[in-house]
Amino acid sequence: MIRTRLTVLLTTSVLVVGAAPAHADDTPSVPPGTEATAGAPVEVDPNDPDLKLPEGATLGDPKVLDIKSVVEDQSGDERREDTNTDVKFALQAEVLFGKDSATLGGEAKSRIAGIAEEIKAQNAGNIRVFGFTDDLGSAAHGDVLSKKRANAVQDLLSQALNDPGITYEVRGYGEQYPISDNSTEPGRKKNRRVEVSFPRTED
């Protein structure tokens, strides 16, 4: 399998951890990674007379707070994002489900088992499972379908992990938070996805 790798430097680090009942909440929060972030760092002259610092204060050295590594297989069926604080897998809906369905297909079990192994390796106790759709059809239908798909993935993941100490945040976002262009079928395919993310606890 051919994989492509992209590394992005970020100026902020965000960690959102939540625990909720194991099935999708009707009042979803903003997914981790979609919050507003600061722009690229700019050069600051510490001797600028317009720069107001408290008496005796100095500027610290600039530094990168987080590094994001993105690996996507050539087909685009699976995407992994690693930061200093989180691991996130995005699986395309077509890999997991039939068209307009929330019933997991034959390939889903092996894909989700692989994610379960990574969760065990990280010893993660809080897992987020978020469902998303494209913008075809009604928004209400997309909301319902994305929740059902997130619930189905969480159910299988819970069976694979078999750990009552793990808490899950499971939500369906429908067509919100697209990661690609909904005006093309390749873009819509990327947007039809289920994301599983959890805190990184080991290097």
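These are my notes on two backbone angles and the main nonpolar core of this structure.

**Ground rules.** I am working with a predicted model, in which local features need pLDDT of at least 70, side-chain atom pairs count only at pLDDT 80 or more, and totals for chains, interfaces and linings use all residues. Residues are numbered from 1 along each chain as its sequence is written, and side-chain values use heavy atoms, with hydrogens and water left out.

**Entry: phi angles.** Most residues other than glycine have a negative phi. I looked up Asn-162 and found a positive phi near 50 degrees. Asn-162 sits in the loop between α3 (139–161) and β6 (167–172). Helices (H or I, at least four residues) and strands (E, at least two) are DSSP runs, numbered from the N terminus. Asn-162 is exposed, at 66% relative accessible area. Exposed means over 50%, buried under 20%, and partly exposed in between (1.4 Å probe, protein chains only).

Next I checked Tyr-177. Its phi is also positive, near 60 degrees. Tyr-177 belongs to the loop between β6 and α4 (185–191). Tyr-177 is partly exposed, at 25%.

**Entry: the core.** I then turned to the largest nonpolar core, which has 26 residues. Such a core is a set of buried Ala, Val, Leu, Ile, Met, Phe, Trp, Tyr and Cys residues joined through side-chain atoms within 4.5 Å. Among the residues with the most contacts inside it are Ile-127, Leu-157 and Phe-198. α3 gives the largest share, 6 residues.

I followed Ile-127 further. Leaving out residues up to four places away in sequence, Ile-127 touches residues including Ile-119, Leu-161, Tyr-168 and Val-196. Contact here means heavy atoms within 4.5 Å.
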